[in-house]
Amino acid sequence: MCGIVAYIGPRDAAPILLEGLQRLEYRGYDSAGVAVAAKGGLKVRKSKGRVAELAALVPARFAGKAGIGHTRWATHGVPSDVNSHPHLDGAERIAVVHNGIIENADELRAKLQAEGCVFQSETDTEVLSHLIAGLATEGVELEDAVRAALKRVVGTYGIAVIDADQPDRIVVARNGSPIVLGIGEKEMFAASDVAALVRYTRQVVHLDDGELATVRADGFNTFTQEDARATAKQPSIVDWEEASYDTAGHAHFLVKEIHEQPTSVERTLSGRIDERFNTAHLGGLNMDAREARAFRRVKILGCGSAYYSGELGAQLIEELARIPAHAEPASEFRYRNPVIEADTLYIAVSQSGETYDTLAAVQEVKRKGGKVLGVVNTVGSAIARECDGGMYLHAGPEISVASTKAFTSTAIAFALIALHLGRVHDLSPADGRRICAGLKAIPGQIREILDQEKVIADLAAKYAGHEGMMFIGRVRGYPVAREGAQKLKEVSYVHAEAYPASELKHGPLALIGPELPTVAIVPDDELRDKNLTALGEIRARSGPVLMVGHTAPDPKLAEDCILVPRNEPELDPILLGIPLQLFAYYAAVALERDVDKPRNLAKSVTVE
Ligand code: AGP
């Protein structure tokens, strides 16, 4: 999805903007551009394609101490040089970069054209440049002009604006699309993602929706869109390592992050296992035992893989705490006027903390008086700030579009929440001890699975040639199958469907044949025999089977098998998902896909 970088200070802005844009490449984009405010006016370069192509267009002498940059992911108008941001007004005084969507752009464009404005691009963003310039040329201060222009806009935005006539400032604004300020030594930065800033500063300030900031070399001030009232902001410190933004010798971020999981899981667990009381220590939930006992239901909200990890979480909570729990896509929940119950605990899940649908779902729950906890990876993100409490994953930045380490850490976080809720209900100390020991074993067991990388890579290459694959699992194995199918689709573009194994005979069995392999999740639990019966049904129709489980079955039931170490039955799904990540990765490699930038996908979906 689109990215924004801005700089103002004593240095030339362009190299810093280009470096920042490179850091945002992982989010997915189709074109890029920069504008700097120089003595003679604005200097602009923009182009369709990669940031490297843009960098080649920027001359060595491109002086300007204030500038804005952008990576675009096309929504209005095809990817092209002219549709790339920044967008300027006719007099080339104002430059704007924008993430999000302006819903009434057509109407505003028609009005502006009637007033004589000539548009260069097909984008929604360009209306903002003309609106702001119209006011600025009447002598309105830049921040007032931006505020007034935004009042006419319906939609979502994160924007950064520079004015050739007021080069001592950059104005940024947020409504539904993230903007974070970076505080340097006599220099300031702004971006849509801290990834663009960590090389320069760790001190950041997150804007809230409906907030603007004027950013100058020596500081910033924030104020409301509504009435220009000053707001107080507390800087926070980003603890993510700059090294996390490099592939560190791996071919792709995806495989690097798969391999990081033993340590990212250790970080998620760190300080949270309470062996004295055989429970989890989760201060951030902001709930005492009495409050935790009062909830009658749990509803988990997230999108994509975050939703599937929520399905694992719901099962863990039901099994360990015996509280009815259910996961629902936040993108559906927010549109169906949901009934919000006072005795339901809502939990929002998000790696980025900026997914617009999940944020909107949280806001809907809160507006109706519900309590929402967040299970979030990105510290200080919008969803984290909106929630009443929660847990950070501490998985480190996830750069690959396909989520792996955040998925696993979210499942671990849910195991901790389930343990905590279980121990304030009826989970026995002995069962609590069993789960604590199981959790502590997981990082080592993930290492054992990763040691099978070569075998899994060969299997992925063997199956990658098929046009589609079926993923099946039963109860605990079903969310694993769903996430496995999602990973394969995302990075290899091989069609993959996930079904509960129990549902096969109710329809999808019609698809089974030699041309459609099945990946079957078959742990050694009480449902193993039933799962093996399903494999028999598939084999009877000559469907190839790759089984992922604990014990190899009769070779007649599965021609291939990946075995994972056994943990506690409730925690086994967390481990069963790991080989499927490697399987998807190596299938994509075999098919020569652009693994870290899968087609049509962005890392963080900050639009509706
Ligand atoms: C995961 O591989 C996907 N890229 C996607 O489904 C993702 O999990 C989803 O968009 C939610 O993102 P979030 O966790 O940042 O909210």
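A strand, as I use the word today, is a DSSP run of E with at least two residues, and strands are numbered from the N terminus. With that in hand, P86 can be placed: this residue sits in the loop between β4 (66-72) and β5 (87-88). Keep in mind that this is a predicted model.

I start with P86 because most peptide bonds are trans. The bond from H85 to P86 is cis, with omega near 0 degrees.

There is a second backbone point. Most residues other than glycine have a negative phi. S542 has a positive one, near 65 degrees, and is not a glycine. Where is S542? Its place is the loop between α17 (528-540) and β26 (545-549).

Now the ligand. How many residues surround the ligand? There are 14, and S350, Q351, S352, T355 and E490 are the closest. Sorted by class, this shell holds eight polar, four nonpolar and two charged residues. Two helices, α9 (305-321) and α16 (477-492), each supply at least two residues of the shell. Of the elements, α16 gives the most, namely three residues.

Next, some distances. In the side chain of T355, an N or O atom is 2.4 Å from an oxygen atom of the ligand. For the side chain of S350, the corresponding distance to a ligand oxygen atom is 2.6 Å. With S403 the backbone is involved: one of its N or O atoms lies 2.8 Å from an oxygen atom of the ligand. How much of the ligand does the protein cover? On its own the ligand has 410 Å² of accessible area, and the protein covers 91% of that. The space the ligand takes is the largest pocket.

Last, the annotations. An unreviewed UniProt entry puts "domain: Glutamine amidotransferase type-2" at residues 2-218. Over residues 2-218, the chain is 31% strand and 23% helix, and the C-alpha atoms at the two ends are 27 Å apart.

The unreviewed UniProt entry also gives the feature "active site" at C2 and K603. Why can these residues be said to gather at one spot? They span 602 residues in sequence, but no two of their C-alpha atoms are more than 9.8 Å apart, so in space they come together. From this set, K603 is part of the lining of the largest cavity. As for C2, that residue is in the segment before β1 (3-8).

That is the end of my part.

How values were computed
Residues numbered from 1 in each chain as written. Predicted model: local features only at pLDDT ≥ 70, side-chain atom pairs only at ≥ 80, totals over all residues. Heavy atoms only, no water. Near = heavy atom within 4 Å. Polar contact = N/O pair within 3.5 Å; in protein donor to acceptor, adjacent residues only side chain to side chain. Areas by Shrake-Rupley, 256 points an atom, 1.4 Å probe, with all protein chains shown as cover. 1 Å grid on protein atoms, 1.4 Å probe; cavity = no way out; pocket = protein on both sides within 12 Å on 5 of 7 lines; lining within 4 Å. Sits in = over half its atoms within 2 Å of the grid points. Helix = DSSP H or I, 4+ residues; strand = E, 2+ residues; numbered from the N terminus. Nonpolar A, V, L, I, M, F, W, Y, C, P; charged D, E, K, R; others polar. UniProt positions renumbered as here; feature names shortened; annotations may be inferred.
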